[in-house]
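Reader: I've got this one open and would like a close look at a single part of it. Pick a small sheet, take me through how its strands go together, and tell me what else I should keep in mind while I look.

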Amino acid sequence: MSCHKANPSNVKVLIIGAGIGGLTMAALLEKAGINYLVFERAKEVKPLGSALSLGSNVMPIFQQLGILDEVLKSSKPFGFSTGYNEQREATRTLDYSPAEKIGGYLPHIISRSIFYDILVKLVPSEKILMSKKILSLLQNKEGVLIRCSDNKTYHGDILIGADGAYSAVRQSLYKELTRKGDLPRSDALPLPSNTTCLVGQTRPLDPEEFTHLKDWHSWFESTLGENKPYAWVTFSTKANTICWMILRHLDDKASRELDSSFRNSEWGPEAAEAMCKEVRDFPVARNNMTVGDLIDATPRELISKVMLEEKIFETWHAGRTCLLGDGKLPDNPSMEEIHKAFQLYKSERYPHAKAAFDTSHRMAGLVGQHWYNDVLRTVIKYLPKGFFTRSLQVMYHYRPQVSFLEPAKDLGQLKPAPQPSLFRARARKEEEFNKNHPRLVDTDASSLRADSISTTTTTKVGGSSVYGKTF
Ligand SMILES: Cc1cc2nc3c(=O)[nH]c(=O)nc-3n(C[C@H](O)[C@H](O)[C@H](O)COP(=O)(O)OP(=O)(O)OC[C@H]3O[C@@H](n4cnc5c(N)ncnc54)[C@H](O)[C@@H]3O)c2cc1C
């Protein structure tokens with residue numbers, strides 16, 4: 001794969017958070033030859049979390065970054081998911097198989113820690129500063145200044161907030177906008193969260209005992225609690241592990257009472273112990289297991305209890321700060337140029353982020369515990385197959401690519417959603433080419449035409465999620 005370090009620039013980008021969003025951004029800046037540093041609050045990276053589901057929307061970018069083969073080798077596809085009752089009887093199936101035709105790939109399940117290891121290799125270690133919790137930011141016409149918990153300050157031109165659902169960057173930015181009266185009311189409301197979640201991943205298990213681990217595909221299985229506000233989900237992985245998550249649906253009162261320090265805490269085992277006890281006896285569909293067996297097969301320090309938040313923010317950027325994005329900027333961009341690039345980024349990404357958010361919300365509803373979730377499950381059972389296929393089309397329509405790396409061949413039968421930023425970048429390239437090769441204008445230049453390239457964008461994290469979220 002060729003990589004054009006086309007725009008080596010004087011711009012310095014500060015990325016806050018070395019999670020999946022921050023690392024993807026760093027890997028892209030690395031390929032683009034743009035100066036950057038990543039700041040991560042954790043002291044060290046621990047293989048925390050459960051599984052991620054990677055759909056065809058992210059495969060083209062992986063190809064452009066040169067990690068697609070490794071991602072496919074380290075993951076397992078799934079074409080369906082099965083729902084069970086507490087008697088371990090299968091009661092419902094969702095058919096994901098049309099996803100392959102739609103976007104070129106079935107969704108793939110990968111252990112989050114394995115995916116993290118693949119991604120982090122793309123970023124030189126000296127560019128990721130650990131134990132750097134950002135506390136505040138200041139920005140003006142000259143640049144942006146961040147202050148970290150060790151009292152050190154860093155200066156840059158652009159700040160990217162990729163610091164997760166309780167983003168300090170977002171909070172700092174929103175404070176500034178509130179002072180100026182520029183924050184939309186909906187953005188000032190607290191992050192709604194009515195689900196707590198216990199997640200982990202077992203040690204590698206013996207496929208002779210757990211024979212479903214030998215299958216070429218991942219088993220994506222969920223059980224719905226009876227007369228209890230819980231649902232639990234497992235995924236078999238390529239590494240012969242079982243990734244698991246236990247969801248506890250909270251009523252409004254319990255949700256309000258949740259300690260805000262827990263909401264903001266880092267991922268880790270501290271708060272997990274009590275919930276582990278509550279859920280031990282829940283039956284799991286495979287091998288007559290219980291959730292307790294999964295917990296016992298998982299190193300305790302790698303079990304996390306977290307909140308699942310659901311919100312799409314309206315404000316994605318202000319001044320020199322953006323909650324993750326891309327954009328073509330000159331060498332020493334002015335505040336106005338930065339603002340314009342961020343505006344274009346939001347206008348392109350927002351409709352897709354909103355569609356992904358709505359679809360994910362509906363999917364989560366299938367394991368919800370309110371009366372209307374029961375209705376939804378019954379309705380889904382009797383709906384024509386095409387209805388769920390339509391949701392898959394919405395999910396996998398948007399298949400981003402970046403303009404400065406070799407285009408990835410799109411394998412989907414559904415034409416990718418238009419990506420105006422790619423179109424503009426290709427048009428600029430064509431213009432430059434025409435300027436430098438006036439006599440070739442009508443022949444060779446046509447191969448660089450904007451509309452000859454399949455279209456889409458880069459990864460979104462307008463505040464919270466990047467890749468199809470799964471756990
Ligand atoms: C340890 C961990 C395990 C996860 N496991 C799963 C999983 O199994 N399945 C799933 O679907 N999703 C999981 N998630 C969430 C998932 O990664 C994200 O929802 C999604 O990928 C979006 O990524 P992100 O980079 O925006 O945020 P995150 O992945 O949440 O990353 C944010 C990063 O910013 C850092 N950070 C936060 N505040 C500050 C600060 N003030 N200063 C500096 N750094 C800061 C965090 O330590 C973290 O590394 C996990 C997240 C984490 C952090």
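**A small sheet, strand by strand**

Author: Let's start with the pair S9 and S10, which run antiparallel to each other and are joined by 5 bridges. Keep in mind that what you're looking at is a predicted model. To find one of those bridges, go to isoleucine 134 and look across to S10, where its bridge partner is cysteine 148. The connection between the two strands is a hairpin, with 4 residues separating S9 from S10.

Now carry on to the next pair. S10 covers residues 144-148 and also pairs with S11, again in the antiparallel sense, this time over 4 bridges. Two spots are handy for lining things up: leucine 145 has histidine 155 of S11 as its bridge partner, and isoleucine 146 sits opposite tyrosine 154 of S11. S10 and S11 make a hairpin too, with 4 residues between the strands, and there asparagine 151 has a positive phi near 70°.

Put the pieces together and you have an open sheet of 3 strands, in the order S9-S10-S11, with antiparallel pairing. S9 (134-139) and S11 (153-156) are the edge strands; each has a single partner strand, so one side of each has no neighbour in the sheet. On average, neighbouring strands here are turned by 20° against each other, if you ignore direction.

It's worth stepping back a little to the loop that leads into the sheet. Between strand S8 (128-129) and S9 you'll find serine 131. Its phi is positive, near 55°, and it isn't a glycine. For background, most residues other than glycine have a negative phi. Serine 131 has 13 C-beta neighbours inside 10 Å, so it counts as partly exposed; the exposed class stops at 12 or fewer.

There's a residue to set beside it elsewhere in the chain. Asparagine 240 sits in the loop between strand S15 (230-236) and strand S16 (242-249). Its phi is positive as well, about 60°, even though it is not a glycine. With 15 C-beta neighbours inside 10 Å, asparagine 240 also counts as partly exposed.

If you then want something helical for contrast, try H12 (residues 335-365) and H14 (residues 385-396), whose axes come within 9 Å and cross at roughly 140°. That crossing is left-handed. On the H12 side the contact is made by Ala355, Ala356, Thr359 and Arg362, and on the H14 side by Ser391, Val394 and Met395. Sorted by class, that gives 4 nonpolar, 2 polar and 1 charged residues.

Last, a word on confidence. The protein has a mean pLDDT of 84, with 83% of its residues at 70 or more. Two stretches need a more careful eye. Over residues 1-6 pLDDT stays under 50, and the model gives them 9 contacts beyond four places in sequence. Residues 443-471 also stay under 50 throughout, and for them the model has 91 such contacts, beyond four places in sequence.

Notes. Residues numbered from 1 in each chain as written. Predicted model: local features only at pLDDT ≥ 70, side-chain atom pairs only at ≥ 80, totals over all residues. Axes fitted to C-alpha atoms, helices over the stretch in contact; angles between N-to-C directions. Left-handed = near helix turned anticlockwise from the far one by under 90°. Contact = placed C-beta atoms within 7 Å. Nonpolar A, V, L, I, M, F, W, Y, C, P; charged D, E, K, R; others polar. pLDDT = per-residue confidence, 0-100. Pairing = 2+ DSSP bridges. Buried ≥ 20, exposed ≤ 12 C-beta atoms within 10 Å, placed from the backbone.
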